[in-house]
Every structure is written in structure tokens, then in C-alpha cells.
Amino acid sequence: MTATLLGSDVPLADRYDLALVDLDGVTYRGHEPIDGASEGLAGARARGMRMVFVTNNASREPESVAAQLTELSIPTEPAEVMTAAQAAAQVLTTRLAPGAKVLVIGGAGLVTAVRVAGFEVVTSADDEPDAVAQGFAPELGWSDLAEAAYAVARGAWFVASNLDLSLPTARGFAPGNGALVGAVRAATGVVPDSAGKPSPAMYRMAIERAGARSPLVVGDRLDTDLAGARAGGYPGLHVLTGVSTARDAVLAAPGERPHFLGGDLRSLLLPHPEPERAAEGWWRCRDAAARVVDGRLEVHGDGAVETDRRVDVVRAACAAAWAAVDGGAQFDASTVPDLPVEGPDLVGRAG
């Protein structure tokens, strides 16, 4: 089945009963809130949409995450947080008996989750652990990675909380858990099992916990959040506030394409027009249009200032590019412009 954009003539908060919301790059960046996050989530809750914050970050405990969100005017209970640490601990239960030794390389969140799952946490490869669980923590150093490598090389099962190569912070993008896991992998040659996104396991756990019937995944990364949505068969909203850009969405592989696009979390409160095929190869989304001619993407907007109208240009561009690629047509990725959804200059004809 072709991976295309969907449309909704009602706000997404009215259509779906649960939002599975990513954190870094969606609700906050480092310790700073992202514009529209509090407003969008509060409005969605007022419409009856429930929230579970699903994060690949395994360094902190749910209580800490909930406290930070609450401080950012996003009131949250610990039970509304699902971390990759919890998912990693769940993965460990599929092969290890209660009481098995696990070398935890990560923060307090991963240590707690592994203990709660019934395992003995050890700190050295010399303790002969049955598994190594690795998650991100900013204090990790060479000695920690070396200890993991020693244990994995001796046969311990290698489980990573996630494989995100980068982590958005207030200062820019920093190395993520995937980059640190890469050091252990390079030293041992062992590919870890991963509990975090893009595996849909965390989404399934969160949906079961909430008892939801119509969940919506909300994220900023195509290769984790939205790929996990596609893998699990859940609709996904790509908000353009984090790692993956509008241009990335246009160029996305079928397994990473979003179902909906929005400027930020306020897009939960809006209908989402579906692009439609028009004459002469154009794809139109309200006043925006795009088409692929001789392998080149052409895009036109109406010069609107409103973010959602600017997102219409991205929607049209995605529809045109995806249709061309899926139809086997030649497509030159270099003709895709940046397509900003903020700022005075939107889009002209791609050169």
C-alpha cells in the first residue's frame, strides 16, 4: 500500500483519543519549551484527548520527566510517561529469568526500570552479567563504554534503549545514545537489540496501558517517531519543530513518511486538508500546489503568513514527490527547497 498523507476535516484532537507524544524536539528543546507546545496540548486535553509522553530518552525516571513538563506548563502525571528505559526492561524480561544480572550503562531511569523488572543491577563486567542494558546519560564516559564492551565481548546479551544518533538540545544537536552504542558495537562487532523507536513496542505498551482505541503518534523524527508509527500501523503526525525538516519529509522513504504534517503541537487543534491531484500533474492543498516535471519539483504558495497555510505547501510537495517516486518516475532530490514554515520567505519555484 502506498504511504501517503491523510486528511482530516476535524481537528486531530477530535478524531483520535490518545496522543503518543515525543518529548525532545516536540514539547521541549533541552530545558526550553517549544512554542505552541503547552497551548496545543492543553487544547487537545480540553477536547478529551489523552496523552502519553513516549520518549527514547532513558536517562531519567518518569517522575522527573513529569515534573519537568509540569514546570513548562504541561501538567503531567508520571503514569503518563513511557520511557525507553521501561521498554528496555520489558525486552529483558523476554529472555532473562527474574534475578538475572544486568550491567546497566545509563542513568537513574534505566537503573530503576531494570530493578523494577526484577533483575539484579551490577556495575562491572567482572560480575558476569547476563545482559548489558545501555541507555543515554550525559555523565557516561569512556570507562562506562569500556565496561559494556568487556561484558558484551564475553557473551552478555546487548540491549540498547534506543539507537538515536543525535539528541536535540538548546545549543544544537549533540551525540545521542545511538552514537554511544556505536562505540561498543565498533569495539565488539555485536549489533544490539533495540527497545526504543523505531520499534513500535513502546507505542503498543502505552496504548495497552491507556486502553485507547484510536491512537495518534506525534513526533519530530522521521527515522524513529514516524518510522515507528508506520511499523506499528498507527497514524503519525510530524511536527516541524525538531530534527527532521519539511524537506526531509518530502524526501522521506515510504517506511518513514508521516500521515499528517503540522508546524507544532497546535496542529492537534486544526483540521488537516488532504492534497488532491489536479490538472497538468499538479497536487493542490488549498492555495498551495506542487508537481514534478522532468524529475524536478516545482512548488507554489500563496504567500500566506499563517504557519498552517505554509504547511500546505509542504503537504502538496510531499504528495507530488511521493507520487513521482512511488510511480517510478525520475526525481532529482536537489530540486527540493528548504520549505520553511516560519519566517517571511516561504517558497518560490525550486531551482
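Helices (H or I, at least four residues) and strands (E, at least two) are DSSP runs here, numbered from the N terminus. This is a predicted model, where local features need pLDDT of at least 70 and side-chain atom pairs count only at pLDDT 80 or more, while totals for chains, interfaces and linings use all residues. Residues are numbered from 1 along each chain as its sequence is written, and side-chain values use heavy atoms, with hydrogens and water left out.

**Exercise 1. Two backbone spots**

Find the loop that holds E128, and the loop that holds P198.

Solution.
- Start with E128: it sits in the loop between β7 (120-122) and β8 (131-134). Its phi is near 55°, a positive value in a residue other than glycine.
- Now go to P198, in the loop between β12 (193-194) and α8. The peptide bond joining K197 and P198 is cis, with omega at about 20°.

**Exercise 2. Two helix pairs**

Two packed helices are described by the angle between their axes and the distance between the axes. Work out how α6 sits against α7, then do α4 and α8.

Solution.
- Get the axes first: they are lines fitted to C-alpha atoms, for helices over the stretch in contact, and angles run from 0 to 180 degrees between N-to-C directions.
- For α6 (residues 142-153) and α7 (residues 177-188), the axes come within 9 Å and cross at roughly 45°. That makes α6 oblique to α7, since angles under 35 degrees count as roughly parallel, over 145 as roughly antiparallel, 65 to 115 as roughly perpendicular and the rest as oblique.
- List who touches whom (contact means heavy atoms within 4.5 Å): L145, A148, A149, V152 and A153 of α6 meet L180, A183, V184, A187 and T188 of α7.
- Sort that contact by class: nine nonpolar, one polar and no charged residues. Ala, Val, Leu, Ile, Met, Phe, Trp, Tyr, Cys and Pro count as nonpolar, Asp, Glu, Lys and Arg as charged, and the others, Gly among them, as polar.
- On to α4 (residues 84-92) and α8 (residues 201-210), which pack at about 100° with axes 10 Å apart. So α4 and α8 are roughly perpendicular to each other.
- Here A84, Q86, A87 and Q90 from α4 meet M202, M205 and R209 from α8. That gives four nonpolar, two polar and one charged residues.

**Exercise 3. Empty space**

Describe the largest pocket and the largest cavity, then the second largest cavity.

Solution.
- Fix the terms: on a 1 Å grid over the protein atoms alone, a cavity is a set of points where a 1.4 Å probe fits but cannot get out, a pocket is an open set with protein on both sides within 12 Å along at least five of seven lines, and lining residues have an atom within 4 Å of a point. Points are joined across faces, edges and corners, and a volume is the space filled by probe spheres set on the points.
- The largest pocket comes to about 300 Å³. It has 15 lining residues, with D24, G30, H31, N57 and L167 closest to its centre. Strand β10 (residues 166-169) gives the largest share of this lining, three residues.
- Two cavities of 30 Å³ or more turn up. The largest cavity holds about 170 Å³ and is lined by 18 residues, with D24, N56, N57, D164 and L167 nearest its centre.
- β10 gives the most to that cavity's lining as well, three residues. By class, the lining has three nonpolar, eight polar and seven charged residues.
- The second largest cavity is about 30 Å³, lined by L23, Y28, T55, N57, R60 and V65.
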